[in-house]
Structure formats: structure tokens, C-alpha cells
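Biologist: Before we discuss the fold, please put the sequence and the structure on the screen.

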Amino acid sequence: MTIMSYLGAIGAAQREAMDADSRVIIMGEDVEANVYGTMGGGKSRADKGDFLQMYGTNRIRNTPISEEVMVGAAAGAAMTGLRPIVDLSYSTFLYMAMDQFINQVAKSRYMFGGQASLPVVFRSAMFYGLSTAAHHSDRPYPMFMNMPGLKIMVPASPTDAKGLLRTAIDMDDPVMSFEACLLWGMKEDVQDGEFRIPFGVARIVRQGTDVTLVAISSAVQQAILAAQKLEAEGISVEIIDPRTLVPFDSDAVLNSVARTGRLVIADPANRTCGAAAEISAIVAEQAFDCLKAPIMRVTTPDTHIPFSPALEKQLYPNAEKIADAVRKVTKTKPQGH
Amino acid sequence: MTIPNDLLLEMQRRMLRIRYFDERASKMVKRGEIPGTVHTSIGQEAQVVGATMALGDGDYMTGNHRSHGHPIGKGAALGPLMAELVGKAWGVCQGKGGSMHLADFKVGSLGESGIVGSSIPIATGAALSSKVLGNGKVSLAFFGDGAANQGCLYEAMNLSSVWKLPIVFLCENNQYALSTPAHTVTAGVLANRAAGFDMPGVRVEDGQSVLTVYDAVRTAVDRARAGQGPSFVEVVTYRFNEHSEGLRLAVDYRDADQKAAWLKRDPIKLFRAHMLEQGVADEATLAGLEAEVMAEVDASVQFANDSPYPELSVAFKDIYTEAIGAAQ
């Protein structure tokens with residue numbers, strides 16, 4: 001085991017994939033300078049493990065600020081023998097390339113009757129919670145869940161970031177990796193060597209009997225804090241991290257709800273048509289008879305992200321809001337109220 | 001450059017394939033045998049074939065909604081293309097693409113795009129593959145005068161130029177984006193825009209001459225293959241039919257005299273006369289070629305008729321490598 005940060009784990013997965021397969025390349029804005037810290041051992045060019053030194057400019061490619069051609073060219077390269085990883089920096093920059101994502105990346109395999117294969121990964125960071133305001137703070141994975149053809153990973157730990165990313169790079173379908181900036185510094189023991197975590201298999205973060213709590217991305221950490229607090233109140237919470245939203249492990253959630261009879265979903269995305277909405281619908285359709293209480297969603301409300309930290313911090317699902325929702329579905333009053 | 005006679009005859013063969021295929025498709029649209037929208041390349045055959053024949057068999061190509069000519073020009077078999085147009089199981093895309101999304105990866109046809117300009121980045125990526133893998137393949141992106149005002153073209157031209165990618169940007173300037181005359185929405189001469197990206201830009205004024213187009217594109221392809229980077233070739237041509245088959249507009253947006261002048265410059269008739277005059281082939285050879293191609297098109301329709309329609313399960317296939325989510 002090695003202690004790794006979330007960012008370090010992403011870097012390790014990329015390095016192992018680059019070493020294993022010469023068809024893997026990385027392209028994006030500022031990747032040569034390792035601005036975000038996923039392209040090598042450290043920020044200094046002299047540091048051991050610097051990607052540019054290890055792989056050269058043929059495989060580590062700084063791009064112009066041209067998201068549309070970055071995404072489309074990665075798709076075209078994937079169709080013709082490369083396995084590109086595209087670093088798109090911020091998740092809001094994905095919108096610049098929406099036509100390529102939707103009309104080309106997602107549809108090419110289908111539209112051309114299976115002739116096209118697209119082994120390509122699009123990485124982007126969700127910078128919410130850091131006072132970067134409305135143009136940098138979105139959590140846009142639900143928009144892409146709505147478009148068949150794209151696989152979506154939302155790792156919430158260093159181990160998952162490393163294992164899922166490696167699976168994504170080895171996969172012949174296009175994958176979008178949404179990485180939460182709030183988790184960049186999170187550290188844990190990660191198993192040594194190469195490993196892969198399959199898509200569509202949820203992680204039971206914590207076992208419990210009273211309520212199923214599905215938590216996504218940075219909401220997982222908040223869910224753990226909430227569950228610890230609720231344990232002291234005598235409420236046993238089972239936390240499920242789906243890890244990938246497409247494919248989604250509905251069996252894991254349905255099996256858990258069958259035991260607990262209650263469901264709360266903590267999702268940092270906007271409320272309307274969010275991941276939480278879809279998970280609610282799946283459970284309402286397939287496990288209605290198991291439910292002892294209405295399903296509750298803890299999401300970011302349908303608003304844009306304001307700059308002021310005084311406003312922003314109140315908007316995302318946090319341990320307190322999640323705990324309140326759990327108390328509601330178990331009809332328990334908050335302690336001290 | 002001297003072109004051997006068999007290559008000249010092959011150019012005529014491919015132009016005839018496009019012409020007869022599209023004329024048949026047009027009839028089939030009118031008879032209700034082809035659903036959806038069809039855009040023919042009738043009148044633009046020299047521009048298409050001059051470009052595709054300048055490519056090698058292993059080279060890549062992407063195109064647009066005016067889509068049948070490109071794969072035919074690149075050497076695709078007609079039967080699966082026709083079966084695709086009628087939405088049948090034996091279609092080249094199993095009936096899921098239709099007229100606007102033909103693709104035949106076997107001949108390097110990476111797909112026609114229904115979104116104007118959207119396939120240009122794809123061709124750029126294929127050129128990136130060739131560069132990284134060092135396999136000597138060249139890409140060519142077909143797009144129209146309408147797409148020439150899409151931003152992604154300029155992102156692709158810039159990226160290709162700084163990375164010296166082996167790609168040819170081929171602008172099929174048929175002078176109208178549906179009903180909109182190019183000069184009313186386009187500043188300056190398109191080919192001149194190439195200079196801003198530090199790449200050669202040529203304008204072929206006579207896009208009805210297959211040899212003129214071939215020469216210009218061949219120069220660009222050779223340059224790309226030699227590692228010298230991208231080129232931009234603008235070919236001025238004219239579509240003989242309406243924007244799409246069956247489209248009836250109240251306004252006649254094309255000048256009648258101009259139209260009559262262009263219709264006189266039928267690229268297939270021009271090249272036929274040229275070959276007779278130059279002694280490349282005699283009348284009997286050319287008539288035989290025409291009969292052969294007509295028989296090929298007849299056979300493609302027969303192939304399409306013989307094909308079954310796709311099973312419903314095909315609608316849920318190839319969304320991903322394996323089945324997930326769909327058809328629940």
C-alpha cells in the first residue's frame with residue numbers, strides 16, 4: 001500500500017497506462033507544464049516522473065484553447081488507432097465542445113453501425129466550492145447522462161480514481177471522468193501496482209439497516225460525516241457510492257432499499273433532471289413496495305453558483321443537510337432541537 | 001503530371017457511379033422508396049472524384065450531408081450504400097445512419113456528418129493518429145462553403161498547422177448554403193484564409209474539370225505525406241439539383257443565366273469529350289463503361305431490395321461496446 005492523493009492517483013493511472021500502451025497519448029491545455037499536477041511526480045520539470053520528459057511531445061501534447069477541435073480530434077484519433085486521454089481542465093469548458101461530444105463522440109459507434117470504436121477518455125475537474133463563480137463551478141454530469149453513448153465516472157476516493165481511470169483508458173467506449181476539485185488533496189492508502197475497478201459496480205461505503213444513502217462524488221465524504229452523527233442518534237445508515245453513473249449499478253441500490261425501506265440521495269449536481277432524479281425514478285419504479293417513506297433528494301438547488309463564499313457554501317449538499325433528510329425519512333427530530 | 005489511361009478511366013467510372021447512383025436515388029425519393037432527406041452530388045462529381053482519387057486506398061476521409069459521392073469516390077461498394085439509403089439491414093451502417101451518415105471504414109470513409117462542419121475535427125484527429133503512429137496516412141476533410149463559416153474549421157486549421165498534421169481541407173464551394181449565396185455571408189476569398197494559418201491555400205476555379213481538381217489535391221496530398229503539414233483547397237463547383245431532393249422553394253435564389261451556364265459544364269460530359277479527343281478511349285469503350293456502371297447501380301438496387309429490414313434489437317445495439325441501459 002502507498003499513501004496517495006486523489007490527484008496523485010490520477011497521475012499514477014495515467015503513467016501506468018502510458019507505459020503499458022504506446023497508443024495512449026495525453027492532450028490538453030497546459031499539460032506539458034503539469035499545471036494541475038496529474039502529469040508527473042511534481043510541479044518541477046526536474047522532478048523524477050515528469051511526463052513530458054518520460055514520453056516526449058509526440059505523446060504529451062499541449063493544445064491551443066480550442067475545445068471543439070480537441071474533443072473532435074481525440075474522437076477521430078480514437079477511431080483510427082490511438083487511445084487519447086483529453087485533459088479539459090474545468091468541466092464548464094466541456095460546453096465549448098458540445099457538438100463534438102453529442103453529435104460525434106456519443107453517436108459515431110451507433111450511427112455507423114458499429115464500424116467506429118472510440119477508446120477515448122475526457123477528464124475534467126469540477127471546481128465547485130472554491131469561489132470561482134458561475135463560469136467555473138458547474139457539476140454537469142447529468143447533462144451527459146441524458147445522452148446515450150457516453151460512459152460517466154465520478155470517483156470519490158484516490159483508490160476509485162486510479163482504478164476507474166485505468167479501466168476507462170483500457171475501454172473501447174468514450175468515457176467522461178468528472179473529478180471533484182474538493183477531493184484533489186484527499187489521501188488514503190492505495191494498493192500497489194496496476195489495478196482496475198469495473199464500471200457499473202457500486203461501492204458500499206458503509207453498511208447500515210435503517211436508510212440507504214446514495215452519495216455522489218464529493219457528497220460521499222459529507223455522507224460519511226452525516227452517518228457518523230446519525231449513528232450517535234441511533235440511526236443506522238448504509239452509504240452507497242455508485243462510482244459510475246453510466247453504467248449505473250441499480251441492483252446495488254435496489255437491494256439495499258429492499259432491506260432498509262428508505263432512500264436519500266446526495267448529489268452535488270443541480271436538482272432538475274439530476275443524477276438524484278434518475279436514481280429516485282429507478283427506485284420508485286422498481287422498488288415502490290419496499291418504501292416506508294418518500295424518497296428524498298439532497299442536491300444543489302436550481303440556481304447558478306454565486307461568487308461570494310457566504311452564499312456558495314450554503315448551496316451544496318453538506319453533512320448537516322444530508323443528516324436532516326435522513327431524519328425526515330426516519331421521522332426523527334434533530335438532536336438538541 | 002502524367003496520369004495513366006487506366007486511372008483516367010477509373011475517374012470516369014467513379015464519376016459515373018456517383019451520377020447514376022444519385023439519379024436513381026432521386027427517383028426513389030420521388031417514388032417514396034427512400035425515406036428522409038437526400039442531397040445529391042450531381043454536377044459536383046469532378047470535384048469529389050478529383051479529390052478522392054488523389055488519396056491512397058489507406059487514406060482517411062470525412063464528409064457532410066451531401067454524402068453519397070464521397071464514399072463512392074473513395075471506392076465503396078454500391079450495394080451496401082443503397083441498402084443504407086432505404087434503411088435495410090444490409091446497409092453499410094445496418095440501416096442506422098441513412099443517407100446523411102454513410103461511412104465505410106473499409107475504404108477509409110470515417111463518416112459523413114449531418115451537422116455542417118462537425119466532421120472536420122474528426123478528420124483532424126485521424127491525421128493526428130497518422131502523425132503519432134508514423135504510418136504515412138493522409139486525411140481529407142470535405143466541407144461546403146456553408147461550413148467554411150463554422151468556428152471548428154479554424155480551430156482545426158490552426159491545430160493542424162502547429163502540429164504539421166497530414167490533412168487536406170477540401171472546401172466544396174457550390175456557391176450556396178441551401179438558398180444563401182456564399183458571397184452574401186462570406187468575407188473575402190475562402191482560399192485566402194489559409195494564409196492566416198501558415199498553410200498553402202489554392203482556389204480551383206474550374207471544379208468541373210476532374211483533372212484540374214486532381215492536380216491541386218494531389219499536390220496537397222503529396223505535401224501532407226511528405227510531412228510538410230496541411231493545405232487548403234477550395235474548389236468552385238455547382239450542384240445541378242435542388243439542395244435536397246423534393247425541396248420546393250417559392251423563391252428562385254439562383255440566377256437563371258448563371259445556372260444555364262453551369263449546367264452546360266457537366267463534368268462527366270466534359271471528361272468524356274476530353275478522353276475521346278486525347279485518344280484515351282474510344283466511343284465503344286466509354287459506352288461500355290457507362291453500361292457497366294448502370295448495371296452496377298441496378299445491382300445495388302436489387303441488393304437493397306433483397307435485404308431484410310433490421311430487427312428491433314438493432315436499435316439498441318452499438319450504443320456501447322456492450323449492451324447497457326437501453327431497451328429496459
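Modeller: This is a predicted model. Let us start with a strand pair in chain B: six bridges join strand β3 (residues 139-144) to strand β4 (residues 167-173), and the two run parallel.

Biologist: Which residue in β4(B) stands opposite B:F142?

Modeller: Strands β3 and β4 of chain B are joined by six bridges. The residue of β4(B) opposite B:F142 is B:L170.

Biologist: Which strands of chain B stand at the edges of the open sheet of six strands?

Modeller: The order in chain B is β2-β1-β3-β4-β8-β7, with parallel pairing. An edge strand has a single partner strand, so one side of it is left without a neighbour in the sheet. In chain B that applies to β2 (109-112) and β7 (201-204).

Biologist: In chain A, what is the average turn between neighbouring strands of the open sheet of five strands?

Modeller: The sheet has the order β9-β11-β10-β13-β14 (chain A), with mixed pairing. One of its pairs, β9(A) with β11(A), is antiparallel over three bridges. With direction ignored, the average turn between neighbouring strands is 25°.

Biologist: Within what arc do the buried residues of α4(A) fall, seen down the axis?

Modeller: In helix α4 (residues 98-105) of chain A, the buried residues are A:Q100, A:F101, A:Q104 and A:V105. Residues three or four places apart in an α-helix point the same way, because there are 3.6 residues a turn. The buried residues of α4(A) line one face of the helix, as they fall within an arc of 115°.

Biologist: Which element of chain B helps to cover the buried residues of α4(A)?

Modeller: The cover includes α3 (67-79) and α5 (108-111) of chain A. From chain B it includes α5 (120-133).

Methods
Residues numbered from 1 in each chain as written. Chains lettered and ligands numbered in written order. Predicted model: local features only at pLDDT ≥ 70, side-chain atom pairs only at ≥ 80, totals over all residues. Pairing = 2+ DSSP bridges. Helix = DSSP H or I, 4+ residues; strand = E, 2+ residues; numbered from the N terminus. Buried ≥ 20, exposed ≤ 12 C-beta atoms within 10 Å, placed from the backbone. Arc of directions from axis to C-beta. Contact = placed C-beta atoms within 7 Å. Axes fitted to C-alpha atoms, helices over the stretch in contact; angles between N-to-C directions.
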